[in-house]
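Q: I am new to reading structures and would like a close look at a single part, taken slowly. Could you walk me through one helix and the surroundings it belongs to?

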Amino acid sequence: MSQGPRSGLAAVSSALLAMSRHLEVRDVLKTIVASARELLDAQYAALGVPDDHGGFAQFVVDGVTDAQWKAIGPLPRQHGILAAMLDEAKVERLADVRKDPRFEGWPSAHPEMSDFLGLPIRDGEEIIGALFLANKNCPKPEGSCGFTAEDEDLLSILAQHAAIALTNARLYERSRELTIAEERTRLAHELHDAVSQKLFSLRLTAQAAAALVDRDPSRAKGELQQVAVLAAEAAEELRAAVVELRPAALDEDGLLATLRTQIQVLDRAHTARVTFASSGFRALPAAQEEALLRVAQEALHNALRHSGADRVDVTVNRRGGGAVLRVTDDGSGFDPHLTRRVGRHLGLVSMRDRASGAGGTLTVESAPGKGTTIEMEVPGG
């Protein structure tokens with residue numbers, strides 16, 4: 001085996017345990033890439049999952065900074081050496097990838113790479129990914145490859161276990177999707193039943209008010225007040241159900257892109273200015289990203305519907321190994337200590353539950369006439 005900084009059985013065991021620890025596909029991909037780069041002591045590693053349109057559905061890298069990755073540009077297409085991993089389904093070990101006749105260049109911001117080791121990841125006969133390593137950290141004579149036959153064997157073992165971990169993660173996510181679909185069906189039935197009952201009561205109460213308006217205006221007024229209460233309750237139940245059913249493109253786009261898109265829509269739909277900014281954020285476990293998204297949605301709803309704000313600012317920044325979400329508005333504010341009345345009305349209880357369920361914390365800063373700041377912090381995975 002390669003005599004890198006973590007060679008040997010213990011290093012292999014550690015890498016395999018790390019892969020089996022995660023259930024979400026995105027987390028598994030990142031763990032595979034990081035484990036491969038560390039085990040083989042390479043400068044760069046990447047893993048591509050093909051789509052059905054000549055490109056990659058997902059492409060995860062390790063050894064490249066966020067700034068470098070952003071400068072490189074869109075996901076690579078399946079061409080050159082990348083295509084060889086998927087089409088020819090064989091191991092490629094090259095002294096200098098740039099001198100291979102299949103090499104077609106790379107973007108100007110792409111780091112320089114020389115020696116190269118790549119192989120497909122198989123699930124039976126299906127190629128479900130391709131794993132690449134470049135620039136072995138070792139002395140190498142001119143024109144020779146730093147990666148050895150032992151490295152190739154080690155990467156093959158890792159790829160076999162990667163296929164199992166990736167397949168299990170896909171099955172888990174498929175199971176979760178089915179569970180979500182069942183939950184949506186249940187919520188739809190509950191929504192229909194609850195709102196139908198409210199609307200039926202509202203109609204009867206309105207009819208009673210109409211019958212009383214001439215002979216007993218005082219009672220008619222009471223009935224109309226009840227109409228308003230029933231309408232508000234129906235609207236609240238509808239809003240709550242829609243929040244739960246609202247699709248989030250987290251799996252495809254990640255938290256930042258999903259939030260940015262939703263906030264752009266809200267900015268166009270409301271008179272208030274709604275902004276979004278982020279700094280240093282790194283992908284988190286799926287459960288934490290979903291909790292951050294849901295809290296952001298709830299806080300935005302409160303700010304835009306209830307506070308009368310002229311401006312709402314949303315930020316997601318890195319904090320330690322985790323992240324912090326802040327939603328700040330310049331609206332009317334409220335007394336956060338009045339939790340029994342205000343907290344339930346503004347969804348603060350559910351937001352705190354979401355934060356706690358994701359291993360995080362939620363803080364609320366507000367005062368009448370002073371605006372509101374909702375902050376949620378999660379520690380990371």
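A: A helix has an expected span, which is 1.5 Å times one less than its number of residues. With that rule in hand we can turn to helix H8, bearing in mind that the model is predicted. H8 has 20 residues, so it should span 28 Å, and its end C-alpha atoms are indeed 28 Å apart, which agrees. As for its surroundings, H8 is mostly covered, since 17 of its 20 residues are buried, a word that stands for a relative accessible area under 20%.

The helix runs over residues 286–305 and is one of the elements that give two or more residues to the largest nonpolar core. This core holds 35 residues, and H8 gives the most to it, with nine residues. The other elements that give two or more are helix H7 (250–269), strand E6 (273–279), strand E7 (311–319), strand E8 (322–329), helix H10 (348–357), strand E9 (361–366) and strand E10 (372–378). Within the core, the residues that touch the most other members are Leu259, Val312, Val316, Leu325, Leu362, Ile374 and Met376.

Val316 can serve as an example of how such a residue is surrounded. Leaving out residues up to four places away in sequence, Val316 touches Leu255, Leu256 and Leu259, then Phe276, Ala277, Ser278, Ser279 and Phe281, and also Val324 and Leu325. Apart from this core lies another one, of 32 residues, which includes Val12, Val33, Leu117 and Leu119.

Strand E10, one of the contributors to the largest core, also contains a residue with a polar contact, namely Glu375. Glu375 has a relative accessible area of 16% and is therefore buried. Its side chain makes a polar contact with the side chain of Arg319, at 3.5 Å. Beyond its neighbours within four places in sequence, Glu375 is in contact with Arg319, with Val324, Leu325 and Arg326, and with Thr361, Leu362 and Thr363.

Just before that strand comes the loop between E9 and E10, where Ala367 has its place. Ala367 is partly exposed, at 26% relative accessibility. Not counting residues up to four places away in sequence, it touches Ser332, Gly333 and Phe334. Ser332 is 35 residues from Ala367 along the chain, yet the C-alpha atoms of the two are separated by 8.1 Å.

For contrast, we can look at an aromatic group elsewhere in the chain. Phe59, Trp69, Phe116 and Phe132 form one aromatic cluster, and Phe59 and Trp69 form a stacked pair, 6.1 Å centre to centre with 5° between the planes. Phe59 lies in strand E2 (residues 56–62) and Trp69 in helix H3 (residues 66–72), so this pair ties together parts that are ten residues apart in sequence. Phe59 counts as buried, at 14% relative accessibility, whereas Trp69 is partly exposed, at 26%.

Finally, it helps to set H8 within the whole chain, which has ten helices and ten strands. Of the 381 residues in the chain, 41% are buried. Among contacts between residues at least 6 apart in sequence, 62% join residues at least 24 apart. The accessible surface of the chain comes to about 20200 Å², and 53% of it belongs to carbon and sulfur atoms.

Technical notes:
Residues numbered from 1 in each chain as written. Predicted model: local features only at pLDDT ≥ 70, side-chain atom pairs only at ≥ 80, totals over all residues. Heavy atoms only, no water. Core = buried A, V, L, I, M, F, W, Y, C linked by side-chain atoms within 4.5 Å. Buried < 20%, exposed > 50% of the residue type's maximum accessible area, 1.4 Å probe, protein only. Helix = DSSP H or I, 4+ residues; strand = E, 2+ residues; numbered from the N terminus. Contact = heavy atoms within 4.5 Å. Phe/Tyr/Trp six-rings, centres within 6.5 Å; stacked < 30°, edge-to-face > 60°. Polar contact = N/O pair within 3.5 Å; in protein donor to acceptor, adjacent residues only side chain to side chain. Areas by Shrake-Rupley, 256 points an atom, 1.4 Å probe, with all protein chains shown as cover.
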